[in-house]
Amino acid sequence: MRADAGVHFFGIRHHGPGSAACLVQALEALQPAAVLIEGPADATPILPMLAAPGMKPPVALLCYPKDDPARAGFWPFAEFSPEYQAVLWAVAHAVPVSFIDLPSTARQPEKKAEAAAGKESEAEDGAEGAAENEAENPHAQHEEAPPREYLDPLGVLAEAAGYQDGESWWSDLIEHNPAPGPVFEAIAEAMAALRENLAETPEFEALREAHMRRAIAAARKEQEGPLAVVCGAWHVPALAAASAATRKADQARLKGLPREKSAVTWAPWTSPRLARDGYGAGVAAPGWNLHLWRGAGARQDGNSLWLVRIAHVLREQGYLVSTASLIEAERLAQALAAIRERPRAGFEELREAAIACLFGGESLLWERIEATLLLGNDVGEIPPDVPLAPLIEDLQRQQKATRLKAEALPQELSLDLRSESGLARSTLLHRLDLLGVPWGRAQDAGGSRGTFRERWQLAWEPEFAVRLVEHLVHGPTIAQAAAGCLLEQIRAATTLDQMAESIRAAITANLPEAAAEGLRLFEARAAHSDNCPEMLASIPPLADIIRYGEARATAAAQHLAPLLERLIVEAALKLDYAARSLDAEAAAQLAAQIDAAHTGIRLIEAGEEILAAWMQGLAAVLDDEQGTPSLAGTAARLLYGAGRLAPEAAVTLMGRRLSPGVPVADAASFLEGFFHATATLLIHDAALRQAVDLWITHLEEADFITSLPLLRRVFSALDQSERKRLLAAALGQSAAVSSLLRPAPDGGAGWQAHFAMLATLLAEEHARKNDE
């Protein structure tokens, strides 16, 4: 503890349970008149809420300028954070508590300048960048990354003492100095020595320390009695050095400090996020820190409890762990501590002992469980009487109504849309996704179990609160904000397929007004459009809407069928013109759109007239002499699969398209289009296989070699067993391979040589697939 004229400085390690325990003891001994904490000064009014009965850490202070929520910042608190424990002590003892650091809006001047300049990256990265770089680590600055000493000075001292874990070093320090006073004094002296090695304090850090010194001076005038200042250990020497000269310099430095109105509230945080960004080694394992804070680390059997927890995690994952192995692990940990001349086994010793005795020396097994063991799955809770941003408050209401609990680690969720609860959960997740809050990620929506099933993977991230705040401009509830955001997308859409995707999203998220407006705008645009690829791309999402009609009964979906039918007919009429004279890339893109549209049309079971119009469009592409060969092959494949091209006609068509008079490149492109993703036809259809055989037979050797890459693409869709069957079918029987590999009487230029090359190709493809 560093004292200066009634001001007592407690240099702590952020999120350090050892610091927290010592701090509580020191506060009890000092009984200060006020507690001052490093944190954004504009959040002081809501600071006592941190001690509310329903507040369950980890939680985070959320601050943002009222006119620019994208510049939001987080200040997280865990149960073992010294600042959190200081607030609990102050509220319990009815002592004033306040933040003394720069206001949140004064910490991001560069962010404001970028927003004013209209930089696109600000819209994408502003919230996350502010949260990660500025709030979770209050020592960060915008000009350059500060030295490690600023971020985790106690971690630096721990490394210098030969420790990998700062908390183990702190615990050993307490063992030698059980009284908290000497510990804080020793830390202050060490920080002063560390600061002497740096040439100068970065400007942003100097600005922060100037603000904190001025706040401390103001508190001294207001309070009678000792003041307790809780701050990062690094700042103690600078804050304790206040004088008349520093007051004058501080006043000059703080002159012109940006002043903006801010909004402050509390938001749930997660234990994994405490580890992802924070203050060095001490917070890399929040599970271990929580273990230390809750007293297990100070008990004689604390090591045993930690090893038992490791065993519990292992057993949950199906591994066998014996009691004897646990006993040996604890003995080994104690032996390692004795060898290293440490008072007791810490994190490093217990980890190494567990790997040796429980994991058979395999560190990979430790890596498999460390996320569960060290990070945990805790998500904080905010009491209902704490004022929140409207969208966050609405989300909490809907989470409670749908019985969806936010979890930090990924969780699988299966929904049945025929049930009221399943549909409500799905609607909430889809609406949040529209707001850029992917709490749930759809896994093969619809899937093989029908359109009434959805599978999701849920994982909550603290940044989602910032994204909700950003969308307050669209409305105060999740439904209103999602509808407003989606309408903006629909009105800004430049193509039919973009509008169709937005309409599908509106119906899936049960936003009838947005869906109705989207359909109106889509119909108006479609009536004046002659862009066939746009029409084709819009068919699949609209077909999906009709498919979902039974699960999500909406008026918009019921009136969509006539519009989709007109769109199919228009696309079919323009299809042959769109398929003319395209290069390979454009042809591949249009082929994918034709395939997707065909799947959508089959999905909705269109009427015979609509289906006939579509088939006529495909036939026109096939018969068009100016058409692109690969697209003609695509059309022939779809007609053949739909039964509109008879097998005999298909063989005749194949013979004509692969005849010697057709350029080899065109014939190869047609072949690729016809057998795209359907190479199994070569196994089952002898007539088609014979037509391809005949084409290969008449190829010159150079042309055949040129066509090999294309043939490889065709065969790449076959699995191992299918390749074997195709080889057997193409060569008659496996015993015939050796005879076909013999030189032909004409010197090897005959069809036997070509088939030998084909066999080699298939074998090579087979080997490649096995390697993969």
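This report walks through the predicted model of one protein chain, from its overall figures to its sheets, helices and two loop residues.

**The chain as a whole**

Let us start with confidence, since this is a predicted model. The mean pLDDT of the protein chain is 79, with 81% of its residues at 70 or more. Among the elements, helix H2 (residues 82–92) has the highest mean pLDDT, 96, while helix H4 (residues 120–135) has the lowest, 36. You may want to keep two stretches in mind as you look around. Over residues 277–282 the pLDDT stays under 50, and the model has 26 contacts there beyond four places in sequence. For residues 446–450 the pLDDT is also below 50, and this stretch has five contacts beyond near neighbours in sequence.

The protein chain holds 37 helices and eleven strands. It has 772 residues, of which 52% count as buried. Its accessible surface comes to about 34200 Å², and carbon and sulfur atoms account for 52% of that area. When contacts between residues at least 6 apart in sequence are considered, 76% of them join residues at least 24 apart.

**The sheet of S9, S11 and S10**

One open sheet is built from three strands in the order S9-S11-S10, with antiparallel pairing. Strand S9 (411–416) and strand S10 (440–442) stand at the edges with a single partner strand each, so one side of each has no neighbour in the sheet. On average, neighbouring strands of this sheet are turned by 30° against each other, direction ignored. S9 pairs with strand S11 (residues 453–458) in the antiparallel sense over six bridges, and Gln411 stands opposite Leu458 in S11. Which helix packs on this sheet? Helix H19 (residues 420–434) does, touching S9, S10 and S11, and its direction makes about 125° with that of S9.

**The sheet of S5, S4 and S8**

Another open sheet has three strands in the order S5-S4-S8, again with antiparallel pairing. Its edge strands are strand S5 (73–77) and strand S8 (262–268), each pairing on one side only. The twist from one strand to the next averages 20°. Strand S4 (residues 59–65) is joined to S8 by seven bridges, and Tyr64 stands opposite Ala263 in S8. Helix H20 (residues 463–470) lies across S4, S5 and S8, running at about 30° to S4.

**Strand S3 and its partners**

How many of the seven residues of strand S3 (residues 34–40) are buried? Seven of the seven are, so S3 is largely enclosed by the rest of the structure. S3 runs parallel to strand S7 (residues 227–232), joined by four bridges, and the bridge partner of Val35 in S7 is Ala228. With strand S6 (residues 97–101), S3 also pairs in the parallel sense. There, Ile37 has Phe99 as its bridge partner.

For easy lookup, here are strand pairs from these sections with their bridge counts.

| Strand pair | Sense | Bridges |
|---|---|---|
| S9 and S11 | antiparallel | six bridges |
| S4 and S8 | antiparallel | seven bridges |
| S3 and S7 | parallel | four bridges |
| S3 and S6 | parallel | four bridges |

**Helix H22**

Helix H22 (residues 496–508) has 13 residues and reaches 18 Å from its first C-alpha to its last, close to the 18 Å expected at 1.5 Å a residue. Its buried residues are Leu496, Met499, Ala500, Ser502, Ile503, Ala506, Ile507 and Thr508. As general background to such a pattern, an α-helix has 3.6 residues a turn, so residues three or four places apart point the same way. After H22 comes Asn510, with a positive phi near 55°.

**Two loop residues**

Is Arg13 buried or exposed? Arg13 has a relative accessible area of 3%, under the 20% cut-off, and so it counts as buried. Arg13 sits in the loop between strand S2 (7–12) and helix H1 (17–30). Its C-alpha is 9.7 Å from that of Glu83, and the two residues are 70 apart along the chain.

Gly295 lies in the loop between helix H13 (286–293) and helix H14 (302–316). Its relative accessibility is 24%, which falls between the 20% and 50% limits, so Gly295 counts as partly exposed. Gly295 and Ala21 are 274 residues apart in sequence, while their C-alpha atoms are 9.4 Å apart in space.

Technical notes:
Residues numbered from 1 in each chain as written. Predicted model: local features only at pLDDT ≥ 70, side-chain atom pairs only at ≥ 80, totals over all residues. Heavy atoms only, no water. pLDDT = per-residue confidence, 0-100. Contact = heavy atoms within 4.5 Å. Buried < 20%, exposed > 50% of the residue type's maximum accessible area, 1.4 Å probe, protein only. Areas by Shrake-Rupley, 256 points an atom, 1.4 Å probe, with all protein chains shown as cover. Pairing = 2+ DSSP bridges. Axes fitted to C-alpha atoms, helices over the stretch in contact; angles between N-to-C directions. Expected span 1.5 Å × (residues − 1).
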